[in-house]
Structure formats: structure tokens, C-alpha cells
Amino acid sequence: MLGVVMASAMRPLFLMTERHVGGPDEGGQTPVVPRARQTSDGGSGAGSSGPGPAAVATPVRRRGWRERGWDIPWLGGRSTAPWVVLATVAVLVVALVGTVFAAQRPDRLGWTPKTIAATSDTSVVFTFSVFKAPKAVAACTILAADQNGGVGALRDIPIPARADGAQDTELTVTVPTTRRAETAVLDGCRIVTPG
């Protein structure tokens, strides 16, 4: 009994098929996929049956950039890799142009404090480096201070042009103070004559 129930339960199902009697060598019924229904205008769909005229091909519409996504046809097709390559090249070009432009500017200027030494109650020794165009002339200001405020200043220290073409100039100056300084700062530099 159980075998009969199992056999009827395990009978194969053929969805969307019609049964017909097979040929002499097939020995029985075989599943056949039915023909698609066609509309009265020849297209497939509900409403009519039987073969109809061939479907008319619709023209292919070109996709816009929003539908293509990351596709760049002239860089090889659908991939994010071309965008990464383009972005990397663009960043490198901008960095190179910026570096060349900054290196060629006659008014370029930078400075770095090096050492500070309070040698006495009346002075502080300050060493700093200035980066500028070799032919440019600059001026810098140094301020000395303690916990109660400013104790001295040295203004418009000249940084002359360099005949050897070097862009870095290191200077050591003595800043006069009214009392012992605890620190000194490079307040700023400016270009007096562009190179």
C-alpha cells in the first residue's frame, strides 16, 4: 500500500506541457512544450494561437550615462577600473602642475624655526631657516617672551638674495630683551623684492 502511494506521489510533473501520444519508437506519451500564443498583429501574447508573421525588430535605443553606470566605452567597457585610472591620472596631473607652479613662483616663501637659546637676561639667540626664490629678498620678525608677556623683538631681519642659486637660507640672530626670555617665535616673514 505504501509503495502505491509513494509511486503515485513521485509521478513526474510536466508544467506548461501538453501530452500527446509519441511515435512508434517512443512507446507512449511524451511531454511537449506548447506553442506560444500570438496576438492578432502577429506578436506573441494572449488571444490567438497558431504561427504568425515574424516579429518586427525594434530599434536599439542608446543608453544614457545614468543607465550605463560606470561604463566608459572608449576605455574598454563596463568596469569601475577606468574611473579609478582616470581619477588617479587627474590627481597626479594636478599635483605635478601645482608643484611646478609653486616652484616657479617668484614670491614663494616659507620658514622654519630651528633652535632657541636664552643666553642671558638681555638676549636670546634664535636660529631659523627661510625658503624663498634665490633672487628674492625677504624680511622676518622675531618676538621673545616670558610668562608675563613680550620681552623683546627684532623686526625686519633682512634675508638677502643668494648668488649661488640656493633656495634655503639659515640665519642665527640675537634678539635683545628687557628681561630673561623663556621662548622666542618667528612671527612671520614677507617678500620685500621678488626674485
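## The disulfide and its two cysteines

Cysteine 140 is buried in this predicted model, because its relative accessibility of 0% falls under the 20% limit. Its partner is cysteine 189, and the two sulfur atoms sit 1.9 Å apart in a disulfide. The pair ties together distant parts of the chain: cysteine 140 belongs to strand E5 (residues 137–146) and cysteine 189 to strand E8 (residues 183–193), with the two positions 49 residues apart in sequence.

If you like torsions, the one about the S-S bond is about 110°, so this disulfide is right-handed. Cysteine 189 is buried as well, with a relative accessible area of 13%. The disulfide count for the model comes to 1.

## Arginine 155

Cysteine 140 also turns up among the contacts of arginine 155, together with Thr141 and Leu143, once neighbours within four places in sequence are set aside. Arginine 155 lies in strand E6 (residues 149–159). Its relative accessibility is 57%, so arginine 155 counts as exposed.

Arginine 155 can also be placed relative to valine 175: the C-alpha atoms of these residues are 9.4 Å apart, with a sequence separation of 20 residues.

## An open sheet of three strands

Next comes a sheet. Its 3 strands run in the order E3-E4-E7, forming an open sheet with antiparallel pairing. Strand E3 (109–120) and strand E7 (168–176) are at the edges; each has a single partner strand, so one side of each lacks a neighbour in the sheet. On average, neighbouring strands here are turned by 20° against each other, ignoring direction.

E3 and strand E4 (residues 123–132) are joined in the antiparallel sense over 9 bridges. For alanine 117, the bridge partner in E4 is valine 125.

Conventions:
Residues numbered from 1 in each chain as written. Predicted model: local features only at pLDDT ≥ 70, side-chain atom pairs only at ≥ 80, totals over all residues. Heavy atoms only, no water. Helix = DSSP H or I, 4+ residues; strand = E, 2+ residues; numbered from the N terminus. Buried < 20%, exposed > 50% of the residue type's maximum accessible area, 1.4 Å probe, protein only. Contact = heavy atoms within 4.5 Å. Pairing = 2+ DSSP bridges. Axes fitted to C-alpha atoms, helices over the stretch in contact; angles between N-to-C directions. Disulfide = S-S within 2.5 Å.
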